[in-house]
Every structure is written in C-alpha cells, then in structure tokens.
Amino acid sequence: MPHREEELRPTHICPVAPGAPPSDPTEEPKPSQAAQFTHGTLTRSQLDANPFVQFHRWFSEPSLAQTVPETVTLSTASLPSGRVSSRMVYLKELDSRGFVIYSNFGTSRKSRDLASNKFASLCFWWKTMERQVRVEGVAERLSAEESQVYFDTRARGSRIGAWASQQTSVLEPARKAEGSQTSEGEGEAEDDGRAELETRVREIEARFQGQEHIPVPPFWGGLRIIPETIEFWQGRESRLHDRFVYTRINGDVGQGGEAKWKIERLSP
Ligand SMILES: Cc1cc2nc3c(=O)[nH]c(=O)nc-3n(C[C@H](O)[C@H](O)[C@H](O)COP(=O)(O)O)c2cc1C
C-alpha cells in the first residue's frame, strides 16, 4: 500500500532532480546541470541606432523562417486591481511607430485591461537563435480604416469568426428541451456551449451571404504598441547573457515623429 503522498503525486509532470530548476529548452535536460546558451553573442557595435531596424534584423534571421517568429506574448494589466494577464497573439505589422496586433476590443480581457490601463508589453522568444525581445509601451487602437485593410486580407471564415465571437465571454450550454433526454449512446452529444457559437456563425454567414466585402466589426481591429523601451537579449554561456535596452528619450510616446533612443547594456 503506497504512502498517501505518493498516491497523490502527479504523474504527468516531467521529473527533475530535487531542488533543480526546470531545464532550458536548448539542450537535453541533465539532472544536475542546467543547459547552456551558446548560439551567439551581442555587442553594442552590432546594434543599429534604431531599435525597429534592429528588431527587423533579428526578425528576418533566416533560421527563424522555419518557425513562427511573429508569435508573441502580449501582457496587459487592469487598474485599480493591478491584476496582470498574458496571452499569445500574432504580430502582424511593424511600422515606424510600433508593433501592431489584431484582436477583439469589445469583450476580451485585453480590451478590459486596456480600458483602465493603456500600458502593455510584448515578449518574443526565438529558440533557434536563443534570443528574446521585450517591448514595453503604450497601446493605441488603429482606426477602422486601417483595420479594414488588414481585415480584408483574412480568409472569409476568419472575418465571419471575428463578427461571431464575443471573445472571452462565456458560452452557455443549450438547455435540453423537456422530455428530450436520450438514453446513453443514443442521439447527439450533450452541448457544452459550442452550439451557441456555431449558431452565431450561421447568423453572421446569413447576414453577409452573397456579399464579398465584409466590413470590419466595430469591436475588432488593430492595436499598436508604441514602445518606450525595447530590450534585445542574446543567451550566453554561464547565464552571462548579453542584454541591451533601448529607451526612448524624446519623451513623446504616441506623438509620432522621429524618436531618439538611448542604448544601455544590462546585467544578465
Ligand atoms: C499562437 C497563437 C496566436 C494567437 N493569435 C491571436 C491574435 O492574433 N489575436 C487574438 O485576438 N487572439 C489570438 N490568440 C488567442 C489569444 O491567446 C487569446 O485566447 C484571446 O486573444 C483572448 O484573450 P483575452 O481575453 O485575454 O484578451 C492566439 C493564440 C495562440 C495560441
């Protein structure tokens, strides 16, 4: 008979040596030694004076072509609670002012957070190059006209989906009609809330039937993160990583115009 604690031990968690941190993803985990970052180095002389140019250089690195380098974690926080939330999104554009993603701004958690707090951050991790980029700044909505340009490039199903999904709102299971109970193994599987979404999709499809042009929903569109800081991180051996942070020094975040940037090396 196993000890009670052994019975309760989860079996789906990878074992690590007692007290050892989880392994780095860059090497096979070793029980007593963490993996090393050895891919490259980053020095000040390699950096472009403009962080957008520098980002583009890293983003265009050929070895990232096999991956999805535009996948990025977006974090927001609501006020006054200060609760932070993070989620993956796709970076869709990088212009001279900032990093653009597209999403729902009606019902999603990010939209609720941003309504009370305009600050947001992005964090990219590019494993093949052992590189991380962190962006912190102010978020601003793109206009409907700007958002429409991207919306038009989406597959029809995704455009319908944007209209149909009240992102992050709860989908309630359909109530069973009285007397409609089926015996086990018979009939349709019980609805878990998916039916409400699919009904909504059918309604939206009917609404735009025969119509090639679909307007961007008023609650959907682009969000530009206008950076105040951008940090470039290159993994190095012995955790002595190279880190450089660009800080905007002309102070007019969100005002456009040519920004000036200070570059500093950070301790790993
Ligand atoms: C790889 C990946 C990419 C995603 N891209 C987007 C995106 O570009 N826009 C978006 O709204 N949600 C995207 N999602 C879904 C979000 O992670 C999230 O579920 C959704 O935006 C609702 O989050 P919120 O309620 O916290 O705002 C993506 C998810 C994954 C896993």
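User: What pattern does the chain follow when you read along the sequence?

Analyst: This is a predicted model, in which local features need pLDDT of at least 70, side-chain atom pairs count only at pLDDT 80 or more, and totals for chains, interfaces and linings use all residues. Residues are numbered from 1 along each chain as its sequence is written, and side-chain values use heavy atoms, with hydrogens and water left out. The chain has 6 helices and 8 strands, which are DSSP runs numbered from the N terminus (helices are H or I, at least four residues; strands are E, at least two). With α for a helix and β for a strand, the pattern is α-α-β-β-β-α-β-β-α-α-α-β-β-β.

User: What share of the residues of the chain count as buried?

Analyst: Buried means under 20% relative accessible area, exposed means over 50%, and partly exposed is in between, using a 1.4 Å probe and protein chains only. The chain has 268 residues, and the share that counts as buried is 34%.

User: Which residues surround the ligand?

Analyst: A residue is near the ligand if one of its heavy atoms lies within 4 Å of it. Two of the surrounding residues are Thr71 and Tyr102. The rest of the list is Arg87, Met88, Val89, Tyr90, Ser103, Ser108, Arg109, Lys110, Gln167 and Thr168.

User: Which element gives the most to the shell around the ligand?

Analyst: At least two residues of the shell come from each of strand S2 (84-94), strand S3 (99-104) and helix H3 (109-116). With 4 residues, the element that gives the most is S2.

User: How do the residues of the shell around the ligand divide into nonpolar, polar and charged?

Analyst: Ala, Val, Leu, Ile, Met, Phe, Trp, Tyr, Cys and Pro count as nonpolar, Asp, Glu, Lys and Arg as charged, and the others, Gly among them, as polar. Sorted this way, the shell has 4 nonpolar, 5 polar and 3 charged residues.

User: How many Å lie between an oxygen atom of the ligand and an N or O atom in the side chain of Ser103?

Analyst: A polar contact is a pair of N or O atoms within 3.5 Å; within protein, one must be able to donate a hydrogen and the other to accept it, and residues adjacent in sequence count only if both atoms are side-chain atoms. A nitrogen atom of the ligand is 2.9 Å from a backbone N or O atom of Tyr102, and a polar backbone atom of Arg109 is 2.9 Å from a ligand oxygen. For the side chain of Ser103, the distance to a ligand oxygen is 2.6 Å.

User: What part of the area that the ligand exposes alone does the protein bury?

Analyst: The areas come from the Shrake-Rupley method with a 1.4 Å probe; for residues, only the protein chains shown count as cover. Taken alone, the ligand exposes 620 Å², and the buried part of that is 66%.

User: Is Thr168 buried or exposed?

Analyst: Thr168, one of the residues around the ligand, sits in the loop between H5 and H6. Its phi is positive, about 80°, although it is not a glycine. Most residues other than glycine have a negative phi. Because its relative accessible area is 53%, Thr168 is exposed.

User: Where is Arg239, with its positive phi of about 65°, placed?

Analyst: Arg239 is not a glycine either, yet its phi is positive. With 31% relative accessibility, Arg239 counts as partly exposed. Its place is in the loop between S6 and S7.

User: What is the peptide bond from Leu79 to Pro80, cis or trans?

Analyst: Pro80 is found in the loop between strand S1 (71-77) and S2. Most peptide bonds are trans. With omega near 10°, the bond from Leu79 to Pro80 is cis.

User: Which residue has the backbone oxygen that the side chain of Arg248 reaches?

Analyst: Arg248 lies in strand S7 (residues 242-248). It counts as buried because its relative accessibility is 11%. At 2.9 Å, its side chain reaches the backbone oxygen of Pro227.

User: What distance separates the C-alpha atoms of Ile214 and Arg159?

Analyst: Ile214 is in the loop between H6 and strand S6 (220-234). Its relative accessibility is 0%, so it counts as buried. Ile214 and Arg159 are 55 residues apart along the chain, and their C-alpha atoms are separated by 7.3 Å.

User: How many residues apart in sequence are Glu146 and Gly221?

Analyst: Glu146 belongs to helix H4 (residues 144-151) and is partly exposed, with a relative accessible area of 35%. From C-alpha to C-alpha, Glu146 and Gly221 are 8.3 Å apart in space. In sequence, their separation in residues is 75.
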